[in-house]
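I opened a new page in my notebook today to record, entry by entry, what I looked up in this structure. I started with the ligand and then worked outwards to the chain as a whole and to a few single residues.

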Amino acid sequence: MRIIIIGSGVAGVSFAEQYRSYSTNDEITVVTKENAGYYSRPLLSHGFSRANIEQSIILKTFDTLRTNNINVFADTEVIEINRSDNTITLFCQESILQYDKLIIATGSAAFIPPPFRLYSELFFCLNSLADLKGLRKIRNEMMSQNRQPAWAIIGGGLIGCEVASDLAVSGDNVTLLHAMDRLMERQLVPEDSTLLLEVLQNSGVTVLLNQTVKGFSKKEDKACVSTDVTREFDALIVSCGFKPRIELAERSGLQVGRGIKVNQSLQTSDVAIYALGDVAELPNAQLYPFIIPIRHQAHWLASFLANQAADNWIPPNFVTKAKVHGFTATHPYCI
Ligand SMILES: Cc1cc2nc3c(=O)[nH]c(=O)nc-3n(C[C@H](O)[C@H](O)[C@H](O)COP(=O)(O)OP(=O)(O)OC[C@H]3O[C@@H](n4cnc5c(N)ncnc54)[C@H](O)[C@@H]3O)c2cc1C
């Protein structure tokens, strides 16, 4: 059997390795846009305070996967799924690969609110290792000119709070603007939001709640955010949630909602195609965009396709915590 996996995040790599442990004969191929290896996405939000992060974030090189008899096409984008003949089209090589089973593990991009899209060249996001490298580069340039960077983080959700905290403990000036009246209102009970606010403020973050961003602008080498007033910063990071990468599936006619629609066996509307990870939407319209359930999905799907499991995928119990320095929620968040 030829199995192709699109994506080399925790979903794609965990599936590939687990399936290989069941089958020595089947052909397993990972196609990924990444070029640096399989890395820890959660560590991105501690990417400023940790030394040597660009190396230590790599969990596994692609050559390590290859020694486990997993083919890897790195730095390669899948641009089409051709369901009529069970093939995918690759961008770089302009070549075609044939599959018997296709696993879509394309993850998610940063969500940019529509009114912000007009200004996309004025702000950054932190969603991938490439984003982190770009942000570290501009930070290092400022530091080499003896300037301690001043950042605005737009969005006080999980990742916005983590990034604000990490930049602040690294010594930078950080302002966090949030649209709501409390931080991480989707994940935390009000008492924990209050505690989180205190922790961030104590680490030097200026937190501005109830902020409606009306636009962005540039003034010489400064980037500006306008709410009721216009404030100047060295750089802006927009952190307003995530958006499953469904475009490829949608173009090929698979059923999509917020994510790619799958049944309880993680199978899409095409019997030869499965989806898992950030991109998969379960029948209860639920997404599971966290490491623990994603790894669980990957291991379950590998055993299912290797005829080692018959039951449907059942989400594990798990809690998740915000990696804000010095903060522990009294009521951890669970789906
Ligand atoms: C800053 C940050 C901090 C986080 N912290 C935590 C945390 O503390 N705990 C937690 O549980 N979760 C955390 N998360 C969420 C967690 O990292 C994600 O849920 C998880 O990494 C998703 O894994 P995935 O494999 O589904 O997708 P991804 O990791 O997004 O991987 C998808 C892969 O597919 C590739 N790809 C996409 N389209 C194509 C294409 N057309 N062709 C080829 N390749 C393609 C991408 O390049 C990427 O490598 C965090 C996320 C971020 C961004």
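**Entry 1: around the ligand**

I looked up the surroundings of the ligand and found 34 residues there, of which Gly-7, Gly-9, Arg-41, Gly-107 and Gly-277 come nearest; a residue counts as near if its C-beta atom, placed from the backbone, lies within 6 Å of the molecule. I must note at once that this is a predicted model, in which local features need pLDDT of at least 70 and side-chain atom pairs count only at pLDDT 80 or more, while totals for chains, interfaces and linings use all residues. The residues are numbered from 1 along each chain as its sequence is written.

Sorted by class, the shell around the ligand holds 15 nonpolar, 12 polar and seven charged residues. For this sorting, Ala, Val, Leu, Ile, Met, Phe, Trp, Tyr, Cys and Pro count as nonpolar, Asp, Glu, Lys and Arg as charged, and the others, Gly among them, as polar.

Which helices supply at least two residues each to the shell around the ligand? I found α1 (10-22) and α8 (291-305), and the largest share, three residues, comes from α1. Helices here are DSSP runs of H or I with at least four residues, strands are runs of E with at least two, and both are numbered from the N terminus.

**Entry 2: the domains**

I then turned to the domain assignment, which gives domain 1 (2-109 + 242-305) and domain 2 (112-238); such bounds come from an automatic or database domain assignment. Over C-alpha atoms, the centres of domain 1 and domain 2 are 30 Å apart. The contact between them takes 11 residues from domain 1 and 14 residues from domain 2, where two residues are in contact if their C-beta atoms, placed from the backbone, lie within 7 Å. On the side of domain 1 that touches domain 2, I noted six nonpolar, four polar and one charged residues.

Why does the shell around the ligand lie between the two domains? Domain 1 and domain 2 both give residues to this shell, so it lies between them.

**Entry 3: the whole chain**

The protein chain has eight helices and 21 strands, and its C-alpha atoms fill a box of roughly 60 × 40 × 35 Å along the principal axes. I checked the radius of gyration, which is taken over C-alpha atoms: a compact globule of 335 residues would have a value near 20 Å, and the 21 Å of the protein chain agrees with that. The globule rule behind this check is 2.2 Å times the number of residues to the power 0.38.

Among contacts between residues at least 6 apart in sequence, 62% join residues at least 24 apart. Buried residues make up 39% of the 335 residues; a residue is buried if 20 or more other C-beta atoms lie within 10 Å of its own, exposed if 12 or fewer, and partly exposed in between, with C-beta atoms placed from the backbone.

**Entry 4: the largest nonpolar core**

Of the 90 residues in the largest nonpolar core, Phe-15, Ile-104, Ala-164 and Leu-276 touch the most other members. The largest share of this core, seven residues, comes from helix α5 (residues 158-169), and the core draws at least three residues from each of domain 1 and domain 2. A nonpolar core is a set of buried Ala, Val, Leu, Ile, Met, Phe, Trp, Tyr and Cys residues joined through C-beta atoms within 7 Å.

**Entry 5: single residues**

I found Ile-5 in strand β1 (residues 2-6), where it is buried, with 29 other C-beta atoms within 10 Å. Leaving out residues up to four places away in sequence, Ile-5 touches Gly-12, Phe-15, Ala-16, Val-30, Ile-103 and Ala-105.

Val-324 lies in the segment after α8. Is Val-324 buried or exposed? Val-324 is buried, because 26 other C-beta atoms lie within 10 Å.

Last, I looked at Asn-146, which sits in the loop between α4 (129-144) and β11 (150-154). Its phi is near 60 degrees, a positive value in a residue other than glycine, and with 6 C-beta neighbours inside 10 Å, Asn-146 counts as exposed.
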